[in-house]
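Welcome! Let us walk through this structure together, one region at a time. Have the sequence and the 3D view at hand as you read.

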Amino acid sequence: MASSPTPAGILTTVLALGLALLFAATTGGGTDVGTVVSDAFFDGIKSQNQNGNCEGRDFYTRNAFLNAANQYPDFAQGGSEDDGKREIAAFFAHVAHETGSMCHIREMDEHAMDDFCDMNFTQWPCAQGQKYYGRGPLQISWNYNYGAAGQRIGFDGLRNPDTVAKDPLVSFESALWFWMTNVHQAMPRGFGATTRVINSGECDGKAPDKVSDRVNYYKKFCQQLNVDPGNNLTC
């Protein structure tokens, strides 16, 4: 038979409950990434690409994404369940835009042969013969991003940036590293703020078609996830 709690025990229990509630209130909730990013949702993005020569079709996988997301437990967390869904929709909207619905692995536009080496970032010196053009789900570019992502993830981003285009797990980890380092904190300001972080050169009327393409993907994915897209969609 259980003994009756003492006054001190009751006080301890109340304090513990209060601290737990305070922690929950300050850290916020979020959504279960593995549940929201279902096979149907992930494969549905890839199915939008009708290009028969799509190198990313077998490269980008849901398992690789989920394993990468496990390394970034704050992704789609910190707010309400709807906030988490909006962040997932935003992430994949940018992925769909950058990669042609997960078709392209490497940059395909006129900048594909540029080296993207900024020698002002002496912490991340460019390796001879390497180019830091866009690769992976968010097409990360520049030596300072490859260097920092590699340091965080555990690969030599400066001497072997093409790892991002050859290893599906590293590819998604690099994208989520960039997202959590630069974009995650912009989500409360709306989808348009995330576009400005990822590619400010499209904003302020400079590339309205590209901004519109990102927004259309975002609204479509929000609809699929049954969540309101919110305000401030453009930049």
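A crossing of two helices is called left-handed if the near helix is turned anticlockwise from the far one by less than a right angle, and right-handed if it is turned clockwise. Keep that in mind for the first stop, and remember throughout that this is a predicted model.

Start with helix α5, residues 81-99, and helix α8, residues 168-183. Their axes lie 12 Å apart, and the two helices pack at an angle of about 125 degrees. An angle of that kind makes α5 oblique to α8, because it falls outside the ranges for roughly parallel, roughly perpendicular (65 to 115) and roughly antiparallel (over 145). As for handedness, α5 and α8 cross in the right-handed sense. Which residues of α5 and α8 make the contact? On the α5 side they are Glu-87, Ala-90, Phe-91 and His-94, and on the α8 side Ala-175, Leu-176, Trp-179 and Met-180. Sorted by class, this contact has 6 nonpolar, 1 polar and 1 charged residues. The spacing along each helix fits a familiar rule. An α-helix has 3.6 residues a turn, so residues three or four places apart point the same way.

Stay with α5 a little longer and look for Thr-99, which also belongs to this helix. Is Thr-99 buried or exposed? Its relative accessibility is 0%, so it counts as buried, the cut-off being under 20%. The side chain of Thr-99 has polar partners in the backbone. One of its polar atoms lies 2.6 Å from the backbone oxygen of Val-95, and the side chain also reaches the backbone nitrogen of Met-102 at 2.7 Å. Beyond its neighbours within four places in sequence, Thr-99 touches Tyr-60, His-104, Gly-136, Pro-137 and Gln-139.

Next, follow the chain into the loop between α5 and α6, where you will find Phe-116. This residue is not a glycine, yet its phi is positive, near 50 degrees. Phe-116 counts as buried because its relative accessibility is 13%.

Helix α6 covers residues 143-153. In this helix Asn-143, Asn-145, Tyr-146, Gly-147, Ala-148, Ala-149 and Gly-150 are buried. What do the buried residues of α6 pack against? They pack against α7, residues 163-166, and against α8, the helix you met in the crossing with α5. Just after α6 comes Gly-154, with a positive phi of about 110 degrees.

Further along is the loop between α9, residues 191-198, and α10, and Asp-204 lies there. Asp-204 has a positive phi of about 60 degrees, although it is not a glycine. With a relative accessibility of 53%, Asp-204 counts as exposed, whereas Phe-116 is buried.

The last stop is Asn-232, in the segment after α10, a helix that spans residues 208-224. Asn-232 is partly exposed, because its relative accessible area is 40%. How far apart are Asn-232 and Gly-192 in sequence and in space? They are separated by 40 residues in sequence, but from C-alpha to C-alpha they are 5.5 Å apart. Leaving aside neighbours within four places in sequence, Asn-232 is in contact with Arg-189, Gly-190, Phe-191, Gly-192 and Ala-193. With Arg-189 there is a polar approach too: a polar atom of the Asn-232 side chain lies 2.4 Å from the backbone oxygen of Arg-189.

Conventions. Residues are numbered from 1 along each chain as its sequence is written. This is a predicted model: local features need pLDDT of at least 70, side-chain atom pairs count only at pLDDT 80 or more; totals for chains, interfaces and linings use all residues. Side-chain values use heavy atoms; hydrogens and water are left out. Helices (H or I, at least four residues) and strands (E, at least two) are DSSP runs, numbered from the N terminus. Buried means under 20% relative accessible area, exposed over 50%, partly exposed in between (1.4 Å probe, protein chains only). Contact means heavy atoms within 4.5 Å. A polar contact is a pair of N or O atoms within 3.5 Å; within protein, one must be able to donate a hydrogen and the other to accept it, and residues adjacent in sequence count only if both atoms are side-chain atoms. Axes are lines fitted to C-alpha atoms, for helices over the stretch in contact, and angles run from 0 to 180 degrees between N-to-C directions. Angles under 35 degrees count as roughly parallel, over 145 as roughly antiparallel, 65 to 115 as roughly perpendicular and the rest as oblique. Ala, Val, Leu, Ile, Met, Phe, Trp, Tyr, Cys and Pro count as nonpolar, Asp, Glu, Lys and Arg as charged, and the others, Gly among them, as polar.
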